[in-house]
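Please open the model in your viewer and keep a selection panel at hand. The tour moves from one selection to the next and says what is found at each.

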Amino acid sequence: MTVAPSEALTFECETGNYHTFCPISCVAWLYQKIEDSFFLVIGTKTCGYFLQNAMGVMIFAEPRYAMAELEEADISAQLNDYEELKRLCLQIKRDRNPSVIVWIGTCTTEIIKTDLEGLAPKLEADLGVPIVVARANGLDYAFTQGEDTVLAAMVQRCPDKVEKEEEKQERNAIQKLLNFGKQKEEVVAEEAEYANHPPLVLFGSLPDPVVTQLTLELKKQGVKVSGWLPSKRYTELPAVAEGDYACGVNPFLSRTATAFMRRRKAKLIGAPFPIGPDGTRAWIEKICSVFGIEPVGLEEREAQIWASLEDYIQLIRGKSVFFMGDNLLEISLARFLIRCGMTCAEIGIPYLDKRYQGPELALLEKTCHEMGVPLPKIIEKPDNYNQLQRIHEVRPDLVITGMAHANPLEARGISTKWSVEFTFAQIHGFTNARDILELVTRPMRRNNSMKDLGWDRLVKEEAQV
C-alpha cells in the first residue's frame, strides 16, 4: 500500500477528560532518583490510599515520601496552614535531614485554594531547607506530567554560574562515574576529544544506567553533557546560564522545556526523543547539527540494532496496534512500532504540545511515508466510549491502554498491554529497544503459547455449551 506524499497527520480533541493515572504517582520514581530529597504530598486520605496501592508498602525500608493528610478542619480553614506544615517539615528535617523538601499539591489543595507558593518561601527561610512547590493534581495534569511540574519548579533552582573546574567535578556525579578508575592524565586527554560547543543540559528522569548510556553515546560524537535534570542529588543541580542549551529525553516535559527558555533564557534543542534505534539516532543527529558536529557511525549503529531485533520484529510485522492514551509516550512508541512494520489506526494521547513534540510528529509522518502505511489519526483527550467503538470496528491485534480498560478488552478477545509498563521500563537509547519489543510482543507470545496448549479450542467449546 502506498501513501500519497501530500497526506498529513490529522488531529482531533474529544471530551477534555484525563482517563489516566493520578500524577502524584511521579513520587514513585523521583524520590528514588533524587537521593537527598523528601516528597511531601499534601492531600486527603484518598491520595494516601492511592500512593499505598501505586507504590506498595515498604516494611523494611523507610521511603523518602509522606502524606500530609488534610482533615475537615484543614479544608474548612479552621487551622493555620503555615503552622501545620511547619510542624510536619520540622519533623521531616529532624528525622531525615533532606537537602530539599518537595511539596506535591493535589486536587484538594487546588479546590480549597491553598497558597502553597506563598507559604513555601517563608517556611524555607525559617527552616533553612529549600522547599520546592509542584502542582501535580489530576484536574490539570495527566499521569507522567507530575514529573514535568516537579522538574519545571526545579529549573529555577539551578545555579546560574559555573564553578571552578575542580568544584564542578566534585558536584557532577555523572562525570565522576565516567572518570572512575582513570588517571588524571587520561581524563585530561579525553576532555580534549570533546568539540568546542556551549554547555548542554539534558532533562528527564531516567535510571542511572540509561543516563550513562546516553551520555556516552553523545561523548562518542564529541558532545559533552554538562549535567542532567534531575541530578542524583539536589545539591548537584546543573548550572544553567543564559544562552546555554537544553534538550529533553521524554515527550511529557513540555513545561520544563518552557521553563528553561522563559525563566533561564536557555536555547531548547527540539529533537525527536531517544526511544527506539530510529529515535535515538535522530536525537543524537539533531544535537550534533546544532553544535556543527558531523555525526560518525550512527547509520551503522542503528542498522546493527535493527538486525539484533529481527526475532522480535518477525512477531509484529504486519500487525496492527491501537493506543488509547495514558502516559504521553504514545507518539514516540507508535513511530517506533510503525518502523518495526506495524500499522496504527489511532494514537490517543491525554495532552499534546505540538511545539515541543513537533520534531517527533515530523519523524512519525516521515516514518509512515517510508514504510508505506497510512498515517494514524491523533486524538487528544480521547473519549473512552468512542474509542471502544472504534476499537470494535478496526479490531487491532494489540491495544496499548491504561490498566482500567485492559481486562474488559481482553474479555472481548482483544490483546492488550498496560501503558504504565513502558513508563517504568528502560526504553531509551539504542540498547534498550529490545526491552520495548519484549513488552509489546508479550501478549502475542502468550497467545501463541495458549494456542499450543489448545486453550483456544477449549474456550470455543465452552462458548458452544
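The stops below cover a sheet, the helices packed on it, and the cysteines.

This is a predicted model, in which local features need pLDDT of at least 70 and side-chain atom pairs count only at pLDDT 80 or more, while totals for chains, interfaces and linings use all residues. Residues are numbered from 1 along each chain as its sequence is written, and side-chain values use heavy atoms, with hydrogens and water left out.

Begin with the open sheet, whose four strands run in the order S3-S2-S4-S5 with parallel pairing; strands here are DSSP runs of E of at least two residues, and helices are runs of H or I of at least four, numbered from the N terminus, and two strands pair if DSSP finds at least two bridges between them. At the edges, select 65–69 for strand S3 and 131–135 for strand S5, each of which pairs on one side only. From one strand to the next the twist averages 25° (axes are lines fitted to C-alpha atoms, for helices over the stretch in contact, and angles run from 0 to 180 degrees between N-to-C directions).

Next select residues 37–43, strand S2, which is joined to S3 in the parallel sense by five bridges; Gly-43 has Glu-69 of S3 as its bridge partner.

Now add residues 116–127, helix H6, which lies across S2, strand S4 (100–105) and S5 and runs at about 165° to S5. Helix H7, residues 145–155, also packs on the sheet, touching S2, S4 and S5 (contact means heavy atoms within 4.5 Å), and its direction makes about 140° with that of S5.

Finally, select Cys-89, which is buried at a relative accessible area of 0%, and then Cys-288, likewise buried at 0% (buried means under 20% relative accessible area, exposed over 50%, partly exposed in between, with a 1.4 Å probe and protein chains only). The structure holds zero disulfides, a disulfide being a pair of cysteine sulfur atoms within 2.5 Å.
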